[in-house]
Amino acid sequence: TIPLLILSGARVVEVDFPETQKSRRGFDEASRQLLRSWAERELCIHRTFVSLVLGCGIHGRPSCAQEEEEEGRDPSKLPTQLLTLLRGATNTEPRQYIARALGVRFGDQLRRVREAREALVAMGMGGDELGGGDCGW
């Protein structure tokens with residue numbers, strides 16, 4: 001419904017969210033809070049994907065081969081970290097495929113979610129509790 005419209009390109013504008021308790025279109029305070037929560041949740045999912053899958057898996061350390069060698073173990077017997085094969089600018093499509101499979105917004109959809117949240121915050125509909133990166137999980 002409204003989130004799908006936002007993802008498709010509809011903008012969140014103040015005229016749709018008047019100060020009165022309930023507008024003609026039915027956006028009461030609870031609806032506005034649900035919309036803001038949805039946007040924050042989508043952004044949190046994206047931040048989690050970036051930090052865990054991209055940060056730790058794809059762009060993390062390729063292996064512990066040097067440490068294993070120093071401890072006298074055979075580094076060739078270490079399991080291969082396959083996510084490291086997705087590094088580099090030429091592997092954008094597989095990373096986007098993984099993001100899509102996990103339900104992560106990216107590209108234009110991510111931009112639209114960010115814009116919607118910024119518009120809601122600018123209208124005074126929610127603070128910046130999740131602002132920097134703590135998603136609360």
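Glu40 is buried, with a relative accessible area of 7%, and this residue offers a convenient point of entry into what is a predicted model. Its side chain meets that of Arg117 in a salt bridge, with N and O 3.0 Å apart. Because Glu40 belongs to helix α2 and Arg117 to helix α5, this pair ties together parts that are 77 residues apart in sequence. Arg117 is itself buried, at a relative accessible area of 10%. Glu40 also forms a salt bridge with Arg36, here with an N to O distance of 3.7 Å; these two residues both lie in helix α2, four residues apart, which is about one turn of the helix, and both of them are buried.

A further charged pair involves helix α2, the element in which Glu42 lies. Glu42 is buried, with a relative accessible area of 10%, and forms a salt bridge with Arg105, the closest N and O atoms being 3.1 Å apart. Since Arg105 sits in the loop between α4 (92–101) and α5 while Glu42 is in α2, the pair ties together parts that are 63 residues apart in sequence. Arg105, in contrast to its buried partner, is partly exposed, with a relative accessible area of 21%, a value to be read against the limit of under 20% that defines a buried residue. Leaving aside residues up to four places away in sequence, Glu42 touches Gly103 and Val113 as well as Arg105.

The structure holds six salt bridges, and beyond the pairs already described, Arg11, Asp108, Arg111 and Glu115 are linked in a network of such bridges.

From the charged pairs we can turn to the overall architecture. The protein chain contains five helices and zero strands, so that its pattern along the sequence reads α-α-α-α-α. Of its 137 residues, 29% are buried, and the accessible surface comes to about 9100 Å², of which 55% belongs to carbon and sulfur atoms. Among contacts between residues at least 6 apart in sequence, 68% join residues at least 24 apart. The nonpolar interior can be followed in a similar way. The largest nonpolar core has 13 residues, and those touching the most other members are Ile6, Val12, Leu35, Trp38 and Val113. Helices α1 (2–8), α2 (29–58) and α5 (108–122) each supply at least two residues of this core, and the largest share, five residues, comes from α5. A second core, separate from this one, has five residues, including Phe49, Val53, Leu54 and Ala99.

Helix α5 deserves a closer look. Its 15 residues should span 21 Å at 1.5 Å a residue, and the C-alpha atoms at its ends are 21 Å apart, which agrees. The buried residues of α5 are Leu110, Val113, Ala116, Arg117, Ala119 and Leu120. Within this helix lies Ala116, which is buried with a relative accessible area of 4%. Not counting residues up to four places away in sequence, Ala116 touches Ile6 and Val12, and although Ala116 and Ala10 are 106 residues apart in sequence, their C-alpha atoms are 9.1 Å apart in space. Just after α5, Gly124 takes a positive phi of about 80 degrees.

Notes
Residues are numbered from 1 along each chain as its sequence is written. This is a predicted model: local features need pLDDT of at least 70, side-chain atom pairs count only at pLDDT 80 or more; totals for chains, interfaces and linings use all residues. Side-chain values use heavy atoms; hydrogens and water are left out. A nonpolar core is a set of buried Ala, Val, Leu, Ile, Met, Phe, Trp, Tyr and Cys residues joined through side-chain atoms within 4.5 Å. Buried means under 20% relative accessible area, exposed over 50%, partly exposed in between (1.4 Å probe, protein chains only). Contact means heavy atoms within 4.5 Å. Accessible areas come from the Shrake-Rupley method with a 1.4 Å probe; for residues, only the protein chains shown count as cover. The expected span of a helix is 1.5 Å times one less than its number of residues. A salt bridge is a side-chain nitrogen of Lys or Arg within 4 Å of a carboxyl oxygen of Asp or Glu.
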